[in-house]
Amino acid sequence: MSNDASALTPRMPAEWERHRATWIAWPHQRDDWPDKFEPIPWVYGEIVRHLHHGEEVRILVNDEDARRQADAVLDKLTLDRDRISFWHIPTDRVWTRDYGPLFVACNGEAAIVNFAFNAWAKYPNWQRDDAVTGQINDRLRLRLCQPEIDGRRVVLEGGSIDVNGQGLLLTTEECLLSDVQQRNPGLGREGYERVFGEYLGVRKVLWLGRGIAGDDTHGHIDDLARFVGPRSVVAVVEEDRGDANFEPLQENLQRLRGMTDLDGRPLEVHTLPMPAPVWFAGQRLPASYANFYIANGRVLVPTFNDPNDRRALDILAGLFPDRRVVGIHAVDLVWGLGTLHCLTQQQPLAG
């Protein structure tokens, strides 16, 4: 195990590369879905049902009682239980994308990059989530790297970045560079780019601007734009000029259309619609079709009982012709301020 990346040649694989497993955490924090928790375990059951056809699903549970609760749901579904495993590792919340291990390939071997997690600088209970990656690696026993600047661990959530597996990374200025981000004060654009290069093998960072309305993460990229191929990006756009998302999403789209790959070639930019605004208890929620998850043989896409659900599914089916594109009802799920990509973390086969 090592904190030193200097001897490594890291590469963070793209999400569409073959997975060994997908990591999720079984839902238990009822306060994240006030008055709406009851359907959430059943949404998770549906996610597990689709994922396990193509890869192992590794489920974090806080204790044996949580495992029994998960079993009560999964036992009612038709599943190959040999493809599902439980890991007794306690969590504060279920958003494994943001605190879980970032797997990279280093000199032909799998390794883990363990960034610090501080609950988006918004919640006081994050210590268990921050410890998850180390506890997972206590069992996996891979090389572990913990990025540090001036003796302090670098804070970064997995949902704030997206990679093409060939040296490009997407992120946003709002999330990493704005005054409100409170993740790594003083670590500017060049500092982040240096960290991404050293630990993830990134050679070029593509900076977008602001995130969507209702996103409490300060602009995570996985609600905005995603790589769907080495040179291809899909970005959400808002068609209603009166909507709060119209201007920032148009600005992001124009930036993408002016960006190039490592060879100076323009990116192939595709667009996804946005659903109509989703509100609950007077709060606008971060509903976005960009929060899809690319699994082995499938793409899971959040849907919102919206006429644009079908448009989004059809667009993604065209972009992933070799995968089955599946809609997962997320109207209840998004009340927790995240959906499918936020709650999953891939473990690539590459290594």
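**Sheets, helices and an aromatic pair**

Tutor: Val 104 stands opposite Ala 111 in E6, and we read this, like everything that follows, from a predicted model.

Student: How do you know that strand E5 and strand E6 count as paired, and in which sense do they run?

Tutor: Two strands are taken as paired if there are at least two bridges between them. Strand E5 (residues 102–106) is joined to strand E6 (residues 109–113) by five bridges, with the strands running antiparallel, and therefore the criterion of at least two is satisfied.

Student: What makes E1 and E7 the edge strands of the sheet to which they belong?

Tutor: That sheet is open, has four strands in the order E1-E5-E6-E7, and shows mixed pairing. Strand E1 (10–11) and strand E7 (143–145) each pair on one side only, and these are its edge strands. Helix H4 (residues 127–140) packs on the sheet, where it touches E5, E6 and E7, and its direction makes about 155° with that of E6.

Student: What should one call the relation of H4 to E6, given that angle of about 155°?

Tutor: Angles over 145 degrees count as roughly antiparallel, and the value for H4 against E6 is about 155°, so the two directions are roughly antiparallel.

Student: Why are H1 and H2 called roughly perpendicular?

Tutor: The axes of helix H1 (residues 40–51) and helix H2 (residues 64–74) come within 9 Å and cross at roughly 65°. The class in question runs from 65 to 115 degrees, and H1 and H2 are therefore roughly perpendicular to each other. H1 passes H2 in a right-handed crossing. The contact involves Pro 41, Trp 42, Gly 45 and Val 48 on the H1 side, and Ala 72, Val 73 and Leu 74 on the H2 side; by class, these are six nonpolar residues, one polar and no charged ones.

Student: Which of the contact residues is the polar one, and why?

Tutor: Gly counts as polar under the classification used, so Gly 45 of H1 is the polar residue.

Student: What makes the pair of Trp 23 and Trp 87 edge-to-face?

Tutor: The structure holds eleven aromatic pairs. In that of Trp 23 and Trp 87, the centres are 4.6 Å apart and the planes make 65°. Pairing requires centres within 6.5 Å, and planes over 60 degrees apart count as edge-to-face, so this pair qualifies on both counts. Trp 23 lies in strand E2 (residues 19–25) and Trp 87 in strand E4 (residues 84–88), 64 residues apart, and the pair thus links distant parts of the chain.

Student: How do you know that E14 and E15 pair, and in which sense?

Tutor: Strand E14 (residues 232–237) and E15 pair in the parallel sense over six bridges, where at least two are required. Within this pairing, Val 234 stands opposite His 270 in E15.

Terms used
Residues are numbered from 1 along each chain as its sequence is written. This is a predicted model: local features need pLDDT of at least 70, side-chain atom pairs count only at pLDDT 80 or more; totals for chains, interfaces and linings use all residues. Side-chain values use heavy atoms; hydrogens and water are left out. Contact means heavy atoms within 4.5 Å. Axes are lines fitted to C-alpha atoms, for helices over the stretch in contact, and angles run from 0 to 180 degrees between N-to-C directions. Angles under 35 degrees count as roughly parallel, over 145 as roughly antiparallel, 65 to 115 as roughly perpendicular and the rest as oblique. A crossing is left-handed if the near helix is turned anticlockwise from the far one by less than a right angle, and right-handed if clockwise. Rings of Phe, Tyr and Trp (its six-membered ring) pair if their centres lie within 6.5 Å; planes under 30 degrees apart count as stacked, over 60 as edge-to-face and the rest as tilted.
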